[in-house]
Amino acid sequence: MGENTIVALGTPPGESAIAVVRISGDDAVGIADGMMAGAKSWESHQFYKRIIRDHNGEVVDDVLAVVMREPNSYTGEDIVEISCHGSMNIVSAIIEESMWLGAELAPPGEFTKRAFLNGKIDLAQAEAVADLISSETKLQRSVALEHLRGGLSKKVRKIEEKLLQQLSLVEVSIDFSTEDIEMFSISELVETSVWIRKKLEGLIASKKAGAKLRNGIRITLTGPRNAGKSSIYNTLLGEERAIVSHIPGTTRDILRERIHIGGFTYYLEDTAGIAEAESEIEAIGISAGIEAAEAADMVVFVIDGSVEPEEKVYKLAGKLKGKRHLIAINKMDLGLKIDKKEVEERLGADSVIEISALTSDGFDELKKWIYTNTVTAEMGKISRERIAVNSRQAMALHRALEALNKMEKDISVGQPAEILSIELREAAAACGEITGRSVEEDLLGHIFSRFCIGK
Ligand SMILES: Nc1nc2c(ncn2[C@@H]2O[C@H](COP(=O)(O)OP(=O)(O)O)[C@@H](O)[C@H]2O)c(=O)[nH]1
Ligand SMILES: [Mg+2]
């Protein structure tokens, strides 16, 4: 392969039972011999118990090592994996010794980049590796796994094949144009184009939900002072994260924490809420809170249900129209002085629930509302099909879509086959970027820099 040989820690840094150091490249086996020679030569995919010595002959550690010879390894190159005792001191010594014997430190994602360049996986699969490593919930994991198994690649390749098939027909007709016979059928070309456009649109539509799946969904708690926003925040988190007090205006900064509900990741935000500010600092907090609520995917508007509602509460809540929101009437343990029906009638809210941050009553309903409002049509589709493109992939698919739109337009005004073939080629190349069949080197650098070192 002619590439340099790389080394990196493959497990998280820190103390652990074992740590794994990976070496990949032409010299990997030579380096393994250099620091842990044994009586027997390395057979591929066999574990060997060896002693590592540095070049001064000093013992570094007792290890278990395995050699995986090309092409049957993750990178497609010779790989040596050394399971040593999980001390950073030992790990550093092994990495230093590998470097002394000629290896270089691997930049982030280098192992996976090599797997891609050596044809072990395609680009969509490589991206899925990063998603899989960073997945926190079952749904994130299963979508990443489906992509890693080639689920997305297969769909895109099918589209690509259809494009290339039409392209070849159109090109043949250009070559034989002097013979004045139609080599391809315009109606078939249009039919295929329409079919492909539908498929592309379906995949592109999964981007928005995919971003929510990968990056999390923002939920902001808002409402008047002292309604119990910070208390609800803490109850949802299961810890006393936000300061709760009967003194109005306690919360000033926006607090943000991750929670998981039903396979999705949420960023839950506690804000100062909305009110007339009583100090300059509070005013800053309030306007930041209002901005957060505007940018959020969902808003929970909290009302103190233990007191008669002030007219302005209805006015404030009314501002949320057009935003996915829930009205939570809090402090039901104190006995409610607010009529749920009246709130529903006056605000026409998505829904209104009664809860208590103190006793956790109604929190199942609160979580259910969050979950069902996440599983919109698009999210539901993701959890069924386990396919969700990322923004790079969506951009490429969008370019393919534009090329086809242009081609259909050109067909309708009678443009010649030469023009149509350019557009078909462009659409196919754009699809090829998903799997990495056609992709620029600097884009690769960008994609693999997202990875952690040692992957
Ligand atoms: N009895 C009762 N008191 C609550 C409940 N939620 C909040 N409180 C109290 O209401 C006051 C204001 O709560 P806090 O969470 O700081 O409200 P925020 O200003 O909206 O963040 C505090 O004294 C809380 O202990 C609840 O469900 N029941
Ligand atoms: Mg608060």
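These notebook entries record what I looked up in a predicted model of a protein chain with a ligand.

**Entry 1. Domains**

I began with the domain assignment of the protein chain, which gives domain 1 as 6-106, domain 2 as 128-211 + 390-438 and domain 3 as 218-375. I then took the centres of domain 2 and domain 3 over C-alpha atoms and found 45 Å between them.

**Entry 2. Where domain 2 meets domain 3**

I looked up the contacts between these two domains: four residues of domain 2 touch five residues of domain 3. I recorded the buried area as about 400 Å², with 50% of it on carbon and sulfur atoms. I next asked which three residues supply 89% of the area that domain 2 buries against domain 3. They are Glu136, Thr137 and Leu139, and no other three residues supply more.

**Entry 3. Polar and charged pairs at the interface**

I searched the interface of domain 2 and domain 3 for salt bridges and obtained one. For Glu136, I noted a salt bridge between its side chain and that of Arg258, at 3.1 Å from N to O. I assigned Glu136 to domain 2, which includes 128-211, and Arg258 to domain 3, which spans 218-375. I also listed polar contacts across this interface and noted four residue pairs, with both residues at pLDDT 80 or more. By residue class, the side of domain 2 that touches domain 3 holds one nonpolar, two polar and one charged residue.

**Entry 4. Surroundings of ligand 1**

I turned to ligand 1 and found 17 residues around it. Which of them come nearest? I wrote down Asn226, Lys229, Ser231, Asp333 and Ala357.

I then checked backbone atoms against the oxygen atoms of ligand 1. For Asn226, a backbone N or O atom lies 2.9 Å from an oxygen atom of the ligand. For Gly228, a polar backbone atom is 2.9 Å from a ligand oxygen. For Leu358, I noted 3.2 Å between a backbone N or O atom and an oxygen atom of ligand 1. Finally, I looked up the cover: ligand 1 has 570 Å² of accessible area on its own, and the protein covers 85% of that area.

Terms used
Residues numbered from 1 in each chain as written. Chains lettered and ligands numbered in written order. Predicted model: local features only at pLDDT ≥ 70, side-chain atom pairs only at ≥ 80, totals over all residues. Heavy atoms only, no water. Domains from an automatic or database assignment. Contact = heavy atoms within 4.5 Å. Buried area = accessible area lost by both parts, 1.4 Å probe. Salt bridge = Lys/Arg side-chain N within 4 Å of Asp/Glu carboxyl O. Polar contact = N/O pair within 3.5 Å; in protein donor to acceptor, adjacent residues only side chain to side chain. Nonpolar A, V, L, I, M, F, W, Y, C, P; charged D, E, K, R; others polar. Near = heavy atom within 4 Å. Areas by Shrake-Rupley, 256 points an atom, 1.4 Å probe, with all protein chains shown as cover.
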